[in-house]
Amino acid sequence: MCSGCHQGELAGIRMISLYCTIRPARIVWLRHILEGYDGLAMLSTVSAEKGLIRLQTPSCSYMDLMLLMESLAPGLSPYPVRS
């Protein structure tokens, strides 16, 4: 996380929005996981029925968010995961 993000100074920090489809039953779970990573990303529900969410992250935290989402992906995917 960059120093500006770490200190809570988001003015002037570019935000990145990502739209993802996850299992609807996992939306609240993911929100709680992200809350544990203070300032990493904000989750907004676009469509609870479809599992469509929006993640907003400071550009300096993008790679950290991608690494976390990659590790959580098998449990979030609404699609069958091949072994």
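**Figure 1. Burial and overall fold of the protein.** Buried residues make up 29% of the 83 residues in this predicted model. The secondary structure comes to three helices and three strands. Along the sequence they follow the pattern α-β-α-β-β-α. The protein exposes about 5500 Å². Carbon and sulfur atoms supply 56% of that area. Among contacts with a separation of 6 or more, 67% join residues 24 or more positions apart. A search of the whole structure for aromatic pairs finds zero.

**Figure 2. The two sides of helix 2.** Helix 2 spans residues 27-36. Ile27, Leu30 and Leu34 are buried here. Seen down the helix axis, the buried residues fall within an arc of 65°, so they line one face of the helix. Val28, Glu35 and Gly36 are exposed on the other side. The cover over the buried residues includes strand 2 (42-47), strand 3 (52-58) and helix 3 (62-76).

**Figure 3. Ile33 of helix 2 and its contacts.** Ile33 is found in helix 2. Its relative accessibility is 26%, so Ile33 counts as partly exposed; the buried class requires a value under 20%. Leaving aside residues up to four places away in sequence, Ile33 touches Leu68 and Leu72. Ile33 and Leu72 are 39 residues apart in sequence. Their C-alpha atoms are 9.9 Å apart in space.

**Figure 4. Arg26 over the ring of Trp29.** Arg26 lies over the face of Trp29. The distance from the ring centre is 4.1 Å.

**Figure 5. Leu43 of strand 2, in contact with helix 2.** Leu43 has its place in strand 2. Leu43 counts as buried because its relative accessibility is 10%. Residues up to four places away in sequence are not counted in the contacts that follow. Leu43 touches Ile27, Leu30, Arg31 and Leu34, among others. Of these, Ile27, Leu30 and Leu34 are buried residues of helix 2. Leu43 also touches Ile53, Arg54 and Leu55. Leu43 and Leu18 are 25 residues apart along the chain. Their C-alpha atoms are separated by 9.6 Å.

**Figure 6. Ile22 in the loop before helix 2.** Ile22 is found in the loop between strand 1 (15-21) and helix 2. With a relative accessible area of 4%, Ile22 is buried. Neighbours within four places in sequence are left aside here. Ile22 is in contact with Ile27 and Leu30, both of them buried residues of helix 2. Other contacts of Ile22 are Lys50, Gly51, Ile53, Leu76 and Pro78. Ile22 and Tyr79 are 57 residues apart along the chain. The C-alpha atoms of this pair are separated by 8.6 Å.

**Figure 7. Gln56, a buried polar side chain in strand 3.** Gln56 lies in strand 3. At 19% relative accessibility, Gln56 counts as buried, since the cut-off is under 20%. The side chains of Gln56 and Arg54 are joined by a polar contact of 3.2 Å. Apart from residues up to four places away in sequence, Gln56 touches Met15, Ile16 and Ser17, as well as Leu40, Ala41 and Met42. Gln56 and Leu18 are 38 residues apart in sequence. In space they are 6.4 Å apart, C-alpha to C-alpha.

**Figure 8. Thr57 of strand 3 and the backbone of Leu40.** The place of Thr57 is in strand 3. Thr57 has 0% relative accessibility and so counts as buried. A polar atom of the Thr57 side chain lies 2.6 Å from the backbone oxygen of Leu40. Not counting residues up to four places away in sequence, Thr57 touches Arg14, Met15 and Ile16. Leu40, Ala41, Tyr62 and Leu65 are touched by Thr57 too. Met15, Ile16, Leu40 and Ala41 are also among the residues that Gln56 touches.

Terms used. Residues are numbered from 1 along each chain as its sequence is written. This is a predicted model: local features need pLDDT of at least 70, side-chain atom pairs count only at pLDDT 80 or more; totals for chains, interfaces and linings use all residues. Side-chain values use heavy atoms; hydrogens and water are left out. Buried means under 20% relative accessible area, exposed over 50%, partly exposed in between (1.4 Å probe, protein chains only). Helices (H or I, at least four residues) and strands (E, at least two) are DSSP runs, numbered from the N terminus. The arc is that of the directions from the helix axis to the C-beta atoms. Contact means heavy atoms within 4.5 Å. A polar contact is a pair of N or O atoms within 3.5 Å; within protein, one must be able to donate a hydrogen and the other to accept it, and residues adjacent in sequence count only if both atoms are side-chain atoms. Rings of Phe, Tyr and Trp (its six-membered ring) pair if their centres lie within 6.5 Å; planes under 30 degrees apart count as stacked, over 60 as edge-to-face and the rest as tilted. A charge sits over a ring if NZ of Lys or CZ of Arg is within 6 Å of the ring centre and within 35 degrees of the ring normal. Accessible areas come from the Shrake-Rupley method with a 1.4 Å probe; for residues, only the protein chains shown count as cover.
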